[in-house]
Amino acid sequence: MANETIAPIQIDKNFVGIGTATPAQRLHVFGNAHVETGGIKIVTNGQLLEFGDSNVHIDRAGNSMNLHAYAGHIFSINGSTAMTIDNSGNLGLGTASPSRKLDVTGDIGASTNIVAGTALYSNELITRSGNTLTFKTSGGTAISTFMNTGNVGIGVTSPSQALEVAGAA
């Protein structure tokens, strides 16, 4: 094959080959393809863009786009990881190795509410049980409690008055 010359463009029945003498698809390109302007449009019912093997591909499901990568997804901006979705379903913002369902490196801003199930986490310094909010020491001792009744306890976990303080004030 070292001495064999392959025509730059090969037409074989209904197949066109570029850089190959035996095209296996309607358009078969051997080597890289470059689109200077415009884009590549796939117009079929089974729309699929596959990279190398079936482990990494993009397909369409109705009005949604599915990104398939069996080791996870990494989105980069200017060479830095901006977002990662690992194969456990963990989402990292600003990190390539998220260790929780949402792992953020950097500040978080919210224009409305931040809702937590049972704890705003930092060794459970702030916890919620029902409609009661409790602030704790790093050792887990409750130091103040805010209840939905409007009662506040300092050193008291179930205040029965508007303000209830344990110990000397």
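# A guided tour from one loop outwards

Begin by selecting G140, which you will find in the loop between β13 and β14. Before looking further, keep in mind that the model on your screen is a predicted one. G140 has a relative accessible area of 38%, and therefore it is classed as partly exposed. Within the hairpin that β13 and β14 make, where five residues lie between the strands, G140 takes a positive phi near 100 degrees. Now add L125 to the selection and draw a distance between the two C-alpha atoms: G140 and L125 are 15 residues apart in sequence, and the C-alpha atoms are 7.1 Å apart in space.

**The strands on either side of the loop**

Next, colour β13 and β14, which pair in the antiparallel sense over four bridges. As background for this step, strands of a sheet pair through backbone hydrogen bonds, and they do so either in the parallel or in the antiparallel manner. To find one bridge for yourself, select F135 and look across to β14, where its bridge partner is S144.

Stay with S144 for a moment, a residue of strand β14. Is S144 buried or exposed? Its relative accessibility is 14%, and because buried means under 20%, S144 counts as buried. If you show what surrounds S144 and set aside its neighbours within four places in sequence, the residues in contact with it are L133, T134, F135, G153, I154 and G155.

**One strand further in each direction**

From β14, move on to strand β15, residues 152-154, which runs antiparallel to β14 and is joined to it by three bridges. Select T145 to see one of these places, since its bridge partner in β15 is G153. The hairpin of β14 and β15 has five residues between the strands, and in this hairpin G150 takes a positive phi near 100 degrees.

Then return to β13 and go the other way, to strand β12, residues 126-129, which pairs with β13 in the antiparallel sense over four bridges. Here the bridge partner of I126 in β13 is F135. The hairpin of β12 and β13 has two residues between the strands, and G130 takes a positive phi near 65 degrees in it.

**Two aromatic rings**

With F135 still on the screen, add F146 and show both side chains. How many aromatic pairs does a search of the whole structure find? The search finds one, and you are now looking at its two rings, those of F135 and F146, whose centres are 5.7 Å apart and whose planes stand at 75 degrees, so the pair is edge-to-face. The pair links distant parts of the chain, with F135 in strand β13 (residues 132-136) and F146 in strand β14 (residues 142-146), eleven residues apart. F135 has a relative accessibility of 30% and so counts as partly exposed, while F146, at 36%, also counts as partly exposed.

**A residue with an unusual phi sign**

Now select N78, which sits in the loop between β7 (72-77) and β8 (80-86). Most residues other than glycine have a negative phi. N78, although it is not glycine, has a positive phi near 50 degrees. N78 counts as exposed because its relative accessibility is 80%.

**A sheet early in the chain**

Move next to strands β1, β2 and β3, which form an open sheet in the order β1-β2-β3 with mixed pairing. The edge strands are β1 (9-12) and β3 (27-29), each of which pairs on one side only. Neighbouring strands in this sheet are turned against each other by 15 degrees on average, with direction ignored. Look in particular at strand β2, residues 15-18, which pairs with β3 in the parallel sense over three bridges, and select I18 to see that it stands opposite V29 in β3.

**Stepping back to the whole protein**

Finally, clear the selection and show the whole protein, which has zero helices and 16 strands. Of its 169 residues, 15% count as buried. The accessible surface comes to about 13000 Å², and 53% of that surface belongs to carbon and sulfur atoms. Among contacts between residues at least 6 apart in sequence, 0% join residues at least 24 apart.

Conventions: Residues are numbered from 1 along each chain as its sequence is written. This is a predicted model: local features need pLDDT of at least 70, side-chain atom pairs count only at pLDDT 80 or more; totals for chains, interfaces and linings use all residues. Side-chain values use heavy atoms; hydrogens and water are left out. Buried means under 20% relative accessible area, exposed over 50%, partly exposed in between (1.4 Å probe, protein chains only). Rings of Phe, Tyr and Trp (its six-membered ring) pair if their centres lie within 6.5 Å; planes under 30 degrees apart count as stacked, over 60 as edge-to-face and the rest as tilted. Contact means heavy atoms within 4.5 Å. Accessible areas come from the Shrake-Rupley method with a 1.4 Å probe; for residues, only the protein chains shown count as cover. Two strands pair if DSSP finds at least two bridges between them. Axes are lines fitted to C-alpha atoms, for helices over the stretch in contact, and angles run from 0 to 180 degrees between N-to-C directions.
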